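Me: I have a protein model open and I am new to this. Can you show me how to read its features, one at a time?

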Amino acid sequence: MKQNWKRLIACLFSLLLAAVAFTGCGNQSSQDDSSLKGKKLTIGIGTYAPFSYQDQDGKQIGYDVDLLDALSKKLEFTYDLKVMEYDPMLISIQNKEIDMAAGQISITDERKQKIGFSDPYYYAGLHAAVKKDSSINSMDDLHGKKIAVEKGTAAHIYVTKNYSDSDIIVFPQQSAAYLEVEKGAADATLYDIPNVLYYLQTHADSTLRIAGEEVQKVPCGLAFPKDSKYISQINQALKELKDDGTIDKIQEKWLSTKSS
């Protein structure tokens, strides 16, 4: 009888050890699954110079591309970049069709209800661009005018809320909005100041100028599906890249300024 009890206890002890080992392996697997290390992500990116655009050889370059490269090296993940228009890209993030989105995406309360965001890595204000001979010299002068904007952007949201008495013309890309003002079909376009400056610097024959004061400085971040397990890792990496000067170097390269 004693011998049987000893065998029974030994068997139970073995089963207990096996259960503990199995549980430990399960936890480790779960932890590994939440880590970005070794993962291959699909990252959507909008076209928005100088943050993301194609060079003459068709290669995607810009501030956000360099930032993604720095993040991938630090966190040891790889990624495929998918160039997309902003509205479809944000819908894809919401539907979990892509893992992350970049391209200086504005963080708004409305968007935060549907998708997740990293901590801000840049703050962008809006500026108006008008014809050089335009009588528009302040943001108040935009009331009652034709304003061209890119669909779904912070500028689109801003003019919709603040210029209900104006004729708002919406385009799928900001390049078309600039052209609309260049040819005199719109009185102004509103967009983030880095892109307005980039446009004027790279179009020597442009007939446009900046008008009025900078408005609505908006935080920008990387976008994720609402419940993404990667956000905290990206936030930690962004902090480290800020602390070690990497983000300052990227900002100086593409914007000729240091981050604040």
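The turns below go through backbone angles, a helix pair, a pocket, a residue and a cavity.

Reply: Keep in mind that this is a predicted model.

Me: Let's begin with the backbone. What is usual for phi and for peptide bonds?

Reply: Most residues other than glycine have a negative phi, and most peptide bonds are trans. Now look for exceptions. Ala-49 and Pro-50 are joined by a cis peptide bond, with omega at about 5°. Pro-50 sits in the loop between β1 (40–45) and β2 (53–54).

Me: Which loop holds Glu-76, and what is its phi?

Reply: Glu-76 has a positive phi, near 60°, and is not a glycine. Find Glu-76 in the loop between α2 (63–75) and β4 (78–83).

Me: And where is Lys-96?

Reply: Look in the loop between α3 (86–94) and β5 (100–106). Phi of Lys-96 is also positive, near 60°.

Me: Are Glu-76 and Lys-96 exposed or partly exposed?

Reply: Use the cut-offs: exposed means over 50% relative accessible area, buried means under 20%, and partly exposed lies in between. Glu-76 has 45% relative accessibility, so this residue counts as partly exposed. Lys-96 has 52%, so this one counts as exposed.

Me: Next, helix packing. How do the axes of α2 and α8 cross?

Reply: Compare the directions of the two axes. Those of α2 and α8 (residues 231–243) come within 10 Å and cross at roughly 105°. Angles of 65 to 115 degrees count as roughly perpendicular, so α2 and α8 are roughly perpendicular to each other.

Me: Which residues make the contact?

Reply: From α2 come Leu-67, Ala-70, Leu-71, Lys-74 and Leu-75. From α8 come Gln-233, Ile-234, Ala-237, Leu-238, Glu-240 and Leu-241. By class, the residues of this contact are eight nonpolar, one polar and two charged.

Me: Now pockets. How much space lies in the second largest pocket, and which residues are closest to its centre?

Reply: Take volume first, then lining. The second largest pocket holds about 370 Å³ of space. It is lined by 19 residues, and the closest to its centre are Thr-47, Tyr-48, Ala-49, Ser-175 and Asn-195. Ala-49 is familiar: it shares the cis peptide bond with Pro-50.

Me: Which element gives the largest share of that lining?

Reply: That is α7, with four residues. Both α6 (174–182) and α7 (193–202) supply at least two. The lining of this pocket divides into ten nonpolar, seven polar and two charged residues.

Me: Pick one residue of α7. What does Ile-193 touch?

Reply: Look past its neighbours in sequence. Leaving out residues up to four places away, Ile-193 touches Gly-125, His-127, Ile-210 and Glu-214. Gly-125 is 68 residues from Ile-193 in sequence, yet their C-alpha atoms are 5.9 Å apart.

Me: Is Ile-193 buried or exposed?

Reply: Buried means under 20%. Ile-193 has a relative accessible area of 13%, so Ile-193 is buried.

Me: Last, cavities. How many of 30 Å³ or more does the structure hold?

Reply: One. The volume of the largest cavity is about 100 Å³.

Me: Which residues line the largest cavity?

Reply: Among them are Tyr-48, Tyr-86, Arg-111, Thr-153 and Asp-192. Tyr-48 is also one of the residues closest to the centre of the second largest pocket. β5 gives the most to the cavity lining, four residues. Both β5 and β10 (188–192) supply at least two. By class, the cavity lining has five nonpolar, four polar and two charged residues.

Terms used
Residues numbered from 1 in each chain as written. Predicted model: local features only at pLDDT ≥ 70, side-chain atom pairs only at ≥ 80, totals over all residues. Heavy atoms only, no water. Buried < 20%, exposed > 50% of the residue type's maximum accessible area, 1.4 Å probe, protein only. 1 Å grid on protein atoms, 1.4 Å probe; cavity = no way out; pocket = protein on both sides within 12 Å on 5 of 7 lines; lining within 4 Å. Points joined across faces, edges and corners; volume = space filled by probe spheres on them. Nonpolar A, V, L, I, M, F, W, Y, C, P; charged D, E, K, R; others polar. Contact = heavy atoms within 4.5 Å. Axes fitted to C-alpha atoms, helices over the stretch in contact; angles between N-to-C directions. Parallel < 35°, antiparallel > 145°, perpendicular 65-115°, else oblique.
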